[in-house]
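Work through the exercises below with the sequence and the model at hand, and try each task before reading its solution.

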Amino acid sequence: MGAAWDRLSPRQKSWTMAATVALISGTAGYGLSQLGQDGAGTAESSGTSGAECEDVLYWYDPMVPGQHFDEPGKSPFMDMELVPKCAGEEATAGVQIDADLVQNFGIRTAEAEYGLLEPEITVTGVLAYNERDVAIVQPRAGGYVQRTYGRAPDDVIGRGAPLADILVPEWGGAQQEYLAVLNSGDEELAQAMRERMRLLGMSPGLISSVGRSGRPHSTITVTAPIGGAITSLGVRPGMTVMAGQTLAEITGFSPIWLEAAVPETQAANVRVGQPVSANLTAFPDERFAGRIIAILPSAQDASRTITVRAQLPNASGRLKPGMFAQVSLTPDTRRALLVPSEAVIRTGRRTIVMVRQDEGGFMPAEVRIGREAGGRTEVLAGLSAGEQVVTSGQFLLDSEASLAGLDVRPIEQVSREQADEDEATTFSAIGTIEKIADGSVTLRHGPVPRLDWPAMTMTFRTKSAAQMRGLEKGDRVRFTFIQEDEGPRIETIGRAGQ
């Protein structure tokens, strides 16, 4: 052998070594591919004729599991026999891992179980003027501005604060005539004069003042109808104004608006009336509570966000429009099937989890997920309570399942009977009505032991408006409800004690 090797040229020696390495690599690759197969892999390989299977679905090459063949025979990819795939094998075998390897690979599992999901959305927001509390200041008659009291834009003023004194020459003549009629004692004519003065823009208080004092008052003081900030000021001393001309615009900020930018992916988790809390950089040690009063109808193209408008109390006036805030939104709490978020594998095309089977194997299962909070993810479909999902090492198992050509368990395969049983389960509680809305009722209820619910306030859907007929806010009620994917729904409700 050594003499034959010595007679080879350097190039021939190189080719011989490369061929040897390739042969060793191919043999090792085939051996590794068998480690991820069913524990009965040896028997499966030997039974290439399919005699051990009552029903063979197809034949395949373990090195190329994605290619299926209708007949047994030699693999076109490697020098080996095709392996049969038995009917029912997908549902029972899965990825088989030796118990010692499970420990060495650090594979851990957790049980899918029902619980309360309490998500919290944190977004940014900005304080703004309360645009529902706006007053436009206009004179009732034209004249000349004599005084403006030193006001300027952005001044904060209270209700009734003077803004400008306006001399109205037309009022002087009408008031003189009114005084002359009063002296004549003709009450019918005096009433007609009072109506004329009212049409000229004089207030009932001014007309009464002229009658009591016996002197004309042709100068009127325009005052602020509400308290707030002067956002627009269009009056200066000496200028001439017309009746109905805008002299100033006053906008209130108590309560103040908070406008938050919420990602459109979270749009389904916010609603009018939902509580919010804000932390302002100006007051880092305080949290300000409020409620959502509006969800604006359009989304921002650049940021793909929707604007949520909340209202915060501001009696002291400390909160100023333009201040920056971190806003926490708390969607409605609901009971859901939960798994650790680390168990979820997002492939881009679908979402799967690795489910542990009774035989000790692991099977990929497609799921549809919902909200995520506190390290847990809501599973809407594709998984049943009590199933064990892999939380560590799942990517290794997923790769092995792909190599073995295992089909992913579809969402529809989850027991429909179990889903029907869950939906049909009825729960009961006693509570107090906090709010009745179209299609829902908010109840402050006691604990529900069967669901491990503590006492809380939450919103339930109703079947129809007739369910709530005769009930009102503050009533103490006894009710039953069922759990659905959309949330709990009232089945029966009535006043407690009836």
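**Exercise 1.** Determine which residue follows helix H8 and what the sign of its phi is.

*Solution.* In this predicted model, the residue that comes after H8 is Gly214, and its phi is positive, near 75 degrees.

**Exercise 2.** Find which residues of H8 are buried, and work out how they are placed around the helix axis.

*Solution.* Begin with accessibility, where a residue counts as buried if its relative accessible area is under 20%; in H8 this applies to Leu206, Ile207 and Val210. Next, consider their directions from the axis: these buried residues cover an arc of only 100 degrees, and therefore they lie on the same side of H8. Then turn to the face of H8 that points away from this buried side, where the exposed residues Pro204 and Arg212 are found. Finally, ask what covers the buried residues of H8: the covering parts include H6 and H7.

**Exercise 3.** Describe the largest nonpolar core, and state which element gives the most residues to it.

*Solution.* The largest nonpolar core consists of 33 residues, and those with the most contacts inside it are Ile157, Leu163, Ile166, Trp171, Met202 and Ile250. Several elements each supply at least two residues of this core, among them helices H6 (169-184), H7 (187-199) and H8 (204-213), as well as strands E7 (121-137) and E14 (248-263). The element that gives the most is H6, with five residues. To see the core from one of its members, take Ile157, which, leaving aside residues up to four places away in sequence, touches Arg151, Leu163, Ala224, Gly227, Gly228, Ile230 and Ile250. Another core, of 25 residues, lies apart from the largest one, and its members include Ala229, Leu258, Val262 and Val327.

**Exercise 4.** Explain why the ring pair of Phe427 and Phe481 ties together parts that are apart in sequence, and state whether these two residues are buried or exposed.

*Solution.* The whole structure holds seven aromatic pairs. In one of them, Phe427 and Phe481 are 5.7 Å apart from centre to centre, with 35 degrees between the planes, which makes the pair tilted. Phe427 belongs to strand E26 (residues 426-437) and Phe481 to strand E29 (residues 476-482), so the pair ties together parts that are 54 residues apart in sequence. As for accessibility, Phe427 has a relative accessibility of 6% and counts as buried, and Phe481, at 0%, also counts as buried. Ring pairs also link Phe427 and Phe481 with Trp453, Phe460 and Phe479 into a cluster.

How values were computed
Residues numbered from 1 in each chain as written. Predicted model: local features only at pLDDT ≥ 70, side-chain atom pairs only at ≥ 80, totals over all residues. Heavy atoms only, no water. Phe/Tyr/Trp six-rings, centres within 6.5 Å; stacked < 30°, edge-to-face > 60°. Helix = DSSP H or I, 4+ residues; strand = E, 2+ residues; numbered from the N terminus. Buried < 20%, exposed > 50% of the residue type's maximum accessible area, 1.4 Å probe, protein only. Core = buried A, V, L, I, M, F, W, Y, C linked by side-chain atoms within 4.5 Å. Contact = heavy atoms within 4.5 Å. Arc of directions from axis to C-beta.
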